[in-house]
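Please work through the exercises below with the sequence and the structure at hand. Each task is followed by a solution in steps.

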Amino acid sequence: MPNKIIYLDNAATTSVYPAVVKEMEKYMLSDFGEYGNPSSTHDLGEQAQKNVQKAKKIVASEIGCKPHEIIFTSSGTESNNLALQGVAKANPDKKKIIISSIEHSSIYELCMEMKKYGYEIFEISVDNKGFIDFDELQKLVDDRRLIVSIMYANNEIGVIQNIEKIGELCREKEVLFHTDAVQSFCKEKIDVFTMKVDMLSASGHKIGASKGVGFLYVGERVKIEPIIVGGNQENSLRAGTQNVPAIMGFAKAISIAEKVDKEKMIELRDYFISKLENIGGKINGSKEKRLCNNIDVSFSGADNDSMLIKLSENGIMCSTKSACASKQKKENRILSALGLKKEEIGGALRFSLNEFNTKKEIDIVVRELEKIVP
């Protein structure tokens with residue numbers, strides 16, 4: 001591996017902030033006396049439970065909800081599964097689910113699995129910019145539906161949906177609304193009360209926390225049951241000893257991510273976009289309404305796997321699609337939904353920035369791309 005790494009795959013995972021590692025150590029090592037099990041009744045256990053509640057307050061303040069509405073999980077994928085499967089268990093009379101055609105695989109593939117058990121899945125199409133067809137959604141939403149699940153911002157193309165408009169429609173029609181906010185959490189301002197979101201998923205390792213921790217916001221009006229049983233942790237909605245070090249690290253990462261200069265990232269993103277377009281790249285999805293750190297670009301006729309390998313050999317880390325789908329050889333479902341041609345899909349790369357990337361790094365990447373793009 002090259003000595004100098006230019007890391008542009010932050011949508012897959014981020015490096016952990018040093019301050020987060022230091023924070024996590026306090027809840028792992030005996031030196032600090034903070035390593036108790038939150039379910040234990042002795043002093044160490046009581047203190048651990050207080051720490052978990054402290055973390056919930058930090059998370060809740062970030063999305064405008066109450067601390068007891070936060071359920072800590074192991075990942076965004078688990079949160080998404082709990083959201084859909086949990087309300088399905090609690091509402092067995094409703095068998096109709098609405099999603100978009102560009103949902104993350106942890107929603108999309110779960111819904112395909114639920115089809116086997118009699119659930120009817122409705123996929124809302126998107127336009128060539130990546131926005132859902134709201135008229136189509138309006139026609140489908142009514143109180144016979146179990147849930148609507150539309151992601152806040154897509155993990156591949158970074159396009160941000162009008163969550164408040166969707167939330168208002170769902171609340172008006174008395175149907176639950178869940179959003180996968182794994183990519184947008186701490187990048188976009190989220191207020192679940194204003195946006196009328198009933199459930200929201202997020203993950204720690206996308207914002208400088210460790211892997212293995214996430215949360216699901218569950219509003220008070222939601223009727224839901226656990227999918228992991230065997231204990232009464234997390235309001236009896238998620239059995240198992242809480243990962244206190246990861247949870248406290250997650251809370252610390254939120255406090256750091258809040259201070260990140262998003263405007264500076266947008267400036268760098270747009271600089272990168274203009275450079276890519278100058279060498280023949282076509283940006284996939286809306287250029288305006290997208291995450292501050294996302295660039296998805298196609299070089300029509302190129303082979304993205306070959307480009308990825310050559311870039312990696314030169315110390316440049318990016319991806320061809322979502323990390324959860326990158327090792328699958330089937331067609332890119334997200335870019336197909338946008339109506340891209342086969343040769344455009346085959347030449348697509350995703351670059352995702354962090355606050356430490358620089359224009360100098362971007363210039364290096366563009367020069368390398370110029371060498372390898374046919």
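In this predicted model, β5, helix α6 (residues 163–172) and β6 form a right-handed β-α-β unit.

**Exercise 1.** Determine in which sense β6 pairs with β5 and with strand β7, and over how many bridges.

*Solution.*
Step 1. Strand β5 (residues 147–149) and β6 run parallel and are joined by three bridges. Within this pair, Val148 has Phe177 of β6 as its bridge partner.
Step 2. Between β6 and strand β7 (residues 199–203) the pairing is parallel, again with three bridges. Here Asp180 stands opposite Ser201 in β7.

**Exercise 2.** State which residues of β6 point one way and which the other, and whether they are buried or exposed.

*Solution.*
Step 1. In a regular strand, side chains alternate between the two faces of the sheet.
Step 2. From β6, Leu176, His178 and Asp180 point one way, while Phe177 and Thr179 point the other way.
Step 3. A residue counts as buried when its relative accessible area is under 20%. Five of the five residues of β6 (residues 176–180) are buried, and the strand is mostly covered.

**Exercise 3.** Explain why β9 and β12 each have one side without a neighbour in the sheet.

*Solution.*
Step 1. The three strands of this open sheet follow the order β9-β10-β12, with antiparallel pairing.
Step 2. β9 (282–283) and β12 (348–352) stand at the edges and have a single partner strand each, so one side of each is left without a neighbour in the sheet.
Step 3. For β9, two bridges lead to the antiparallel strand β10 (residues 294–298); Ile283 has Val297 as its bridge partner in β10.
Step 4. Helix α10 (residues 262–278) lies across β9, β10 and β12, at about 10° to β10.

Technical notes
Residues are numbered from 1 along each chain as its sequence is written. This is a predicted model: local features need pLDDT of at least 70, side-chain atom pairs count only at pLDDT 80 or more; totals for chains, interfaces and linings use all residues. Side-chain values use heavy atoms; hydrogens and water are left out. Two strands pair if DSSP finds at least two bridges between them. Helices (H or I, at least four residues) and strands (E, at least two) are DSSP runs, numbered from the N terminus. Contact means heavy atoms within 4.5 Å. Axes are lines fitted to C-alpha atoms, for helices over the stretch in contact, and angles run from 0 to 180 degrees between N-to-C directions. Buried means under 20% relative accessible area, exposed over 50%, partly exposed in between (1.4 Å probe, protein chains only). A crossover is right-handed if, with the strands pointing away from the viewer, the path from the first strand over the helix to the second runs clockwise.
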